[in-house]
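Me: I should like to go through this model by question and answer. Please let each reply end on the value or name requested.

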Amino acid sequence: MKRIAVLTSGGDSPGMNAAIRAVVRQGIAEGMEVYGIKYGYKGLVEGDIELLDTASVRDQVARGGTFLYSARYPEFVQLEYQLKGIEQLKARGIEGVVVIGGDGSYHGAMRLTEHGFPAIGLPGTIDNDIVGTEYTIGFDTAVTTAVDALDKIRDTSSSHNRTFIVEVMGRDAGDIALWAGIAAGADDICIPEREFKVENIVKRMNEAHKQGKNHYLIVLAEGVMHGEELAEALKRQGDLSDLRVSVLGHIQRGGSPTVRDRVLASRMGAHAVKLLKEGKGGLAVGIRHEKLVENPILGSVEEGALMSINPDGSIKVNFPHEAPIELYR
Ligand code: F6P
């Protein structure tokens with residue numbers, strides 16, 4: 001394979017630039033030309049594609065966001081748009097693509113592979129919700145940002161004897177809430193993966209107050225409900241007039257990536273190029289026990305369990321999210 005392309009798609013995540021940089025540098029080291037597709041699948045369909053060189057990715061390893069820009073582009077599920085994208089690749093002699101993004105982006109990568117253009121997926125999302133990898137690129141940074149905010153909120157919550165609900169991102173996954181909540185020593189963590197009862201939170205809060213604790217910190221995953229909804233439910237069951245809600249929002253998506261995200265992105269980016277060089281496509285790169293693994297890309301999206309390929313070609317299924325949840329309990 002002599003010409004490959006890279007795109008970022010869906011919600012951005014810190015570390016995407018480091019991943020692009022690794023794809024470009026590894027590709028050039030392998031004697032390939034590497035093209036950057038701007039605005040994800042939208043840019044692919046519209047031909048917003050340019051040749052990248054070593055200098056294009058200079059100083060990118062530490063930068064948040066994605067210098068290739070990103071877009072959500074649901075149109076790409078339609079064959080008509082896929083074929084337009086294929087034409088753009090053909091016109092430039094591009095033979096394989098690295099797609100950095102979340103599960104929606106993986107569907108597009110699978111379609112490209114089916115049309116004869118091997119695509120490799122890299123898990124770029126803060127949500128840590130991609131099956132087949134224990135960590136996604138950007139998750140560590142998002143959690144670090146959330147913990148920084150939680151530590152600050154704890155200070156003011158303690159000064160004013162207040163209860164705080166802090167809503168964090170994660171879409172349908174509770175990973176950011178769980179990790180940030182544990183790291184910040186939250187009093188309660190509400191995640192979509194575990195049922196919870198409002199009356200139990202109130203009970204625990206009252207017990208904590210009886211023991212002399214004057215403030216209470218609840219970390220709420222957005223996939224459960226909005227912070228204001230939980231506040232209303234709590235107020236209906238207890239005397240919580242001085243309750244405050246803080247929604248962390250998009251600050252969790254930005255900022256310079258942590259060391260862990262930079263290294264993860266760099267390793268995954270380089271690995272994706274090696275897979276393309278071997279002519280492989282339809283695979284998603286993941287990390288398991290600190291080792292890079294590959295999974296069938298649609299399995300990563302649809303099977304609902306972490307999968308890795310054994311040396312004999314059989315598929316091993318694991319459930320990565322149970323241990324941390326048990327840890328908290
Ligand atoms: O998937 C990343 C994510 O930040 C989610 O955590 C969040 O629910 C969503 O994207 C927000 O999307 P948008 O930036 O389009 O509002």
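**Annotated site, strands, cores and salt bridges**

Reply: UniProt, in an unreviewed entry, places the feature "binding site" at D103. The structure discussed here is a predicted model.

Me: In which helix does D103 lie, and is D103 buried or exposed, or in between?
Reply: D103 lies in helix α4, which covers residues 103–114. Buried requires under 20% relative accessible area and exposed requires over 50%. D103 has a relative accessible area of 37%, so the residue counts as partly exposed.

Me: Which strands pair with β2, and in which sense does each run?
Reply: Strand β1 (residues 3–8) pairs with β2 over 5 bridges in the parallel sense, and L7 stands opposite I37 of β2. Strand β3 (residues 49–52) is joined to β2 by 4 bridges, with V34 opposite L52 of β3. The partners are therefore β1, parallel, and β3, antiparallel.

Me: What is the handedness of the crossover from β1 to β2?
Reply: Strands β1 and β2 are parallel. The chain passes from β1 through α1 to β2, a β-α-β crossover. Its hand is right-handed.

Me: How many residues of β2 are buried?
Reply: Strand β2 has 5 residues and is mostly covered. The number buried is 4.

Me: Which helix gives the most to the largest nonpolar core?
Reply: The largest nonpolar core holds 55 residues, of which V6, I20 and L122 touch the most other members. Leaving aside residues up to four places away in sequence, L122 touches A19, V98, V99, I100, G101, Y106, I137, M268, G269, A272 and V285. The helix that gives the most to this core, with 8 residues (139–159 being its span), is α5.

Me: How many residues does the second core have?
Reply: This core is separate, and its members include Y73, Y81, L89 and M110. Its number of residues is 26.

Me: How far apart in sequence are E30 and K277, which form a salt bridge?
Reply: The closest N and O atoms of E30 and K277 are 3.0 Å apart, and the cut-off for a salt bridge is 4 Å, so the pair qualifies. E30 sits in the loop between α1 (16–29) and β2 (33–37), while K277 belongs to helix α9 (residues 259–277). E30 is partly exposed at 22% relative accessible area, and K277 is likewise partly exposed at 47%. The pair links distant parts of the chain, with a separation of 247 residues.

Me: Which parts of the chain does the salt bridge between E290 and R260 tie together?
Reply: The closest N and O atoms of E290 and R260 are 3.1 Å apart. The two residues are 30 residues apart in sequence. E290 is partly exposed at 45%, and R260 is partly exposed at 34%. The parts tied together are the loop between β10 (283–288) and β11 (291–296), and helix α9.

Me: K280 and E278 meet in a salt bridge; which of the two is exposed?
Reply: Their side chains meet at 3.0 Å, N to O. K280 has a relative accessible area of 35% and is thus partly exposed. Exposed requires over 50%, and the residue with 52% is E278.

Me: Which residues do salt bridges with shared partners join into one network, and how many salt bridges are there?
Reply: The network consists of R162, D242 and R244. The count of salt bridges is 17.

How values were computed: Residues are numbered from 1 along each chain as its sequence is written. This is a predicted model: local features need pLDDT of at least 70, side-chain atom pairs count only at pLDDT 80 or more; totals for chains, interfaces and linings use all residues. Side-chain values use heavy atoms; hydrogens and water are left out. Buried means under 20% relative accessible area, exposed over 50%, partly exposed in between (1.4 Å probe, protein chains only). Two strands pair if DSSP finds at least two bridges between them. A crossover is right-handed if, with the strands pointing away from the viewer, the path from the first strand over the helix to the second runs clockwise. UniProt positions are given in the numbering used here, feature names are shortened, and annotations may be inferred rather than shown by experiment. A nonpolar core is a set of buried Ala, Val, Leu, Ile, Met, Phe, Trp, Tyr and Cys residues joined through side-chain atoms within 4.5 Å. Contact means heavy atoms within 4.5 Å.
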